[in-house]
Amino acid sequence: MKRGCTQCGECLNVCPVFREFSREEYSPKAKRLLMEPHDKEFAIDKVIPWAQVKRLARLCAGCGRCKQACARKLSTADLLADVRANHPEWRQYLWEIWMNYMGPLWPTMGFAASLMPEALTPEALKSSIAPAKALVNKKNIQPWARIDPAPGAKVDTSSPLVVFGGCTATRVRKQWLQKTDELLRRWGYTMLDPTGFTCCGGTMHHAGQYRAMNSMRDRNVEYWKSMGRPRIVAFCASCYHSLEEYAEAYLEGEEAKTWKKSLTPLSALLVEPVARATSQAPASYGYHQPCHWNTGDKDMPFLKSIQPGLEKGKGLCCGMGGILKMSNPDLSMNMAYSCLGGFTPEITNIVTGCSGCSMQLQAAAPEGVSIYHWLDIVA
Ligand code: SF4
Ligand code: SF4
């Protein structure tokens, strides 16, 4: 793990947790000050008491903004994951069970949560029940535009593609996988079977569950190799970011380079789109930019090209990342409210390009505001 914070303070300006509290002790650099003395030579529980680790664990959304802003590319989220993974008292099995074994039950749990009337929900549970309700699939979403490749569009169909759908799409938004497949075939690509992939392991990383993370990475890489190392398509910024990390901290040499080169955002493959608006198209809509696109957001130019009138919010973090949803649901939801507050009141339709962001913002959206993955709104 990289160390050596210079205390320059650049990360304060971008950290959404610091923004919520305006207290320096919640900033990335303050968290680093506490954690950096941790070294493999010392027993972690002697360097950082368990009570402090627990507190720190509730104060990071894993958004990665501090690393982007830091001249030394120090990631406080990664350092925190390392501390969790090495602390003898850290047990985050609940998260592993939720991600690994409860997947088939997500729709049922969403349905059960949706039966609970808002007025009867205890205040202390509201921040946990709202995200569970968002697991319920929206019905009858009417697309805003039909998109097709322009005649003669220069599409590189020389090699096949495989879609990496991620947990949310596989379990509760299967239509995103189907839509992706339809769109890519419309553009002339050859599609391979995506069913051998599992979760990207991103949240296992933040949870410090490295054994589970590595087993997911093993399975995904082996499946990719078994198909002849095809291009991998992702429509979720967080999955894409997590898959990119395989090349930095898991694969090596030529294999790492080939893996990284194979990753492609879906919107980058839908080249030269021609859009025909449907009668459902709103005059304007908002775009929530996921933190995990970093500076390489391909969705925004694509969306602007098919739907004029796109308005970006203030670009605040939605609070979904890492394991904040489980470790600090109230803070997670407050961040989502702040994020939605970054849009002007006229914006009542907001799209995004991340499965996690779309679920999180849907959980926090007030009456009359609709949240979509952009795949929902194209036909
Ligand atoms: S990952 Fe995000 S929330 Fe966590 S310390 Fe860095 S900027 Fe703050
Ligand atoms: S930007 Fe990097 S070097 Fe500067 S205070 Fe933050 S973590 Fe330390």
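Biologist: Let's start with ligand 1: how many residues surround it, and which are the closest?

Modeller: There are 14 residues around ligand 1, and the closest are Cys15, Cys60, Cys63, Cys66 and Ala77. Keep in mind that this is a predicted model. What puts a residue in that shell is a C-beta atom, placed from the backbone, within 6 Å of the ligand. The elements giving two or more residues to it are α1 (16-21), α5 (65-69) and α6 (76-86).

Biologist: And how do the residues of the shell around ligand 1 divide by class?

Modeller: Ten are nonpolar, three polar and one charged. Cys counts as nonpolar here, so Cys15, Cys60, Cys63 and Cys66 go into that class.

Biologist: Which residues come nearest to ligand 2?

Modeller: Cys5, Cys8, Cys11, Lys29 and Cys70, out of 15 residues around ligand 2. At least two residues of that shell come from α2 (28-35), and at least two from α5. The biggest giver is α2, with three residues. By class, the shell around ligand 2 has eight nonpolar, three polar and four charged residues. Lys counts as charged, so Lys29 is one of those four.

Biologist: Over to Gln7, in the segment before α1. Is Gln7 buried or exposed, and how do you know?

Modeller: Count its C-beta neighbours: Gln7 has 8 inside 10 Å. The limit for "exposed" is 12 or fewer, so Gln7 is called exposed.

Biologist: What stands out about phi of Gln7?

Modeller: Phi of Gln7 is near 60°, which is positive, and the residue isn't glycine. Most residues other than glycine have a negative phi. Arg229 has a positive phi too, near 55°. Arg229 lies in the loop between α13 (210-226) and β3.

Biologist: What makes Arg229 partly exposed?

Modeller: Arg229 has 16 other C-beta atoms within 10 Å. Buried takes 20 or more and exposed takes 12 or fewer, so Arg229 falls in between and is partly exposed. Glu255, in helix α15 (residues 253-262), gets that label as well, with 15 C-beta neighbours inside 10 Å. From Glu255 to Val221 the C-alpha distance is 9.9 Å, while the two are 34 residues apart in sequence.

Biologist: How do you know that the length of helix α14 (residues 237-249) agrees with what it should span?

Modeller: Helix α14 has 13 residues, and at 1.5 Å a residue these should span 18 Å. The end C-alpha atoms of α14 are 18 Å apart, so the two values agree. As for burial, Ala237, Ser238, Cys239, Tyr240, His241, Ser242, Leu243 and Tyr246 of α14 are buried.

Biologist: What makes β2 and β4 (263-265) edge strands?

Modeller: The sheet is open, has three strands in the order β2-β3-β4, and pairs in parallel. Both β2 and β4 have a single partner strand, so one side of each is left without a neighbour in the sheet. On average, neighbouring strands here are turned by 35° against each other, direction ignored.

Biologist: Why do β2 and strand β3 (residues 231-234) count as paired?

Modeller: Pairing takes at least two bridges, and β2 and β3 share four, in the parallel sense; therefore they count as paired. Val162 stands opposite Ile232 in β3. Three bridges link β3 and β4, again parallel, with Val233 opposite Thr264 in β4. Within strand β2 (residues 161-164), Leu161 and Val163 point one way, Val162 and Phe164 the other, and all are buried.

Biologist: And strand β9 (residues 370-373): which of its side chains are buried?

Modeller: Ile371 and His373, which point to one face; Ser370 and Tyr372 point to the other face and are not buried.

Biologist: Where does β9 sit in its sheet?

Modeller: At an edge: β9 and β7 (310-312) each pair on one side only. The open sheet has four strands, ordered β7-β6-β8-β9, with parallel pairing. Strand β8 (residues 349-352) and β9 run parallel, joined by four bridges, and Asn349 has Ser370 of β9 as its bridge partner.

Biologist: What kind of unit do β8, helix α20 (residues 355-364) and β9 make?

Modeller: A right-handed β-α-β unit. With the strands pointing away from the viewer, a clockwise path over the helix is what earns "right-handed", so that is how the path from β8 over α20 to β9 runs.

Notes
Residues are numbered from 1 along each chain as its sequence is written. Chains are lettered from A and ligands numbered from 1 in the order in which they are written. This is a predicted model: local features need pLDDT of at least 70, side-chain atom pairs count only at pLDDT 80 or more; totals for chains, interfaces and linings use all residues. The expected span of a helix is 1.5 Å times one less than its number of residues. Axes are lines fitted to C-alpha atoms, for helices over the stretch in contact, and angles run from 0 to 180 degrees between N-to-C directions.
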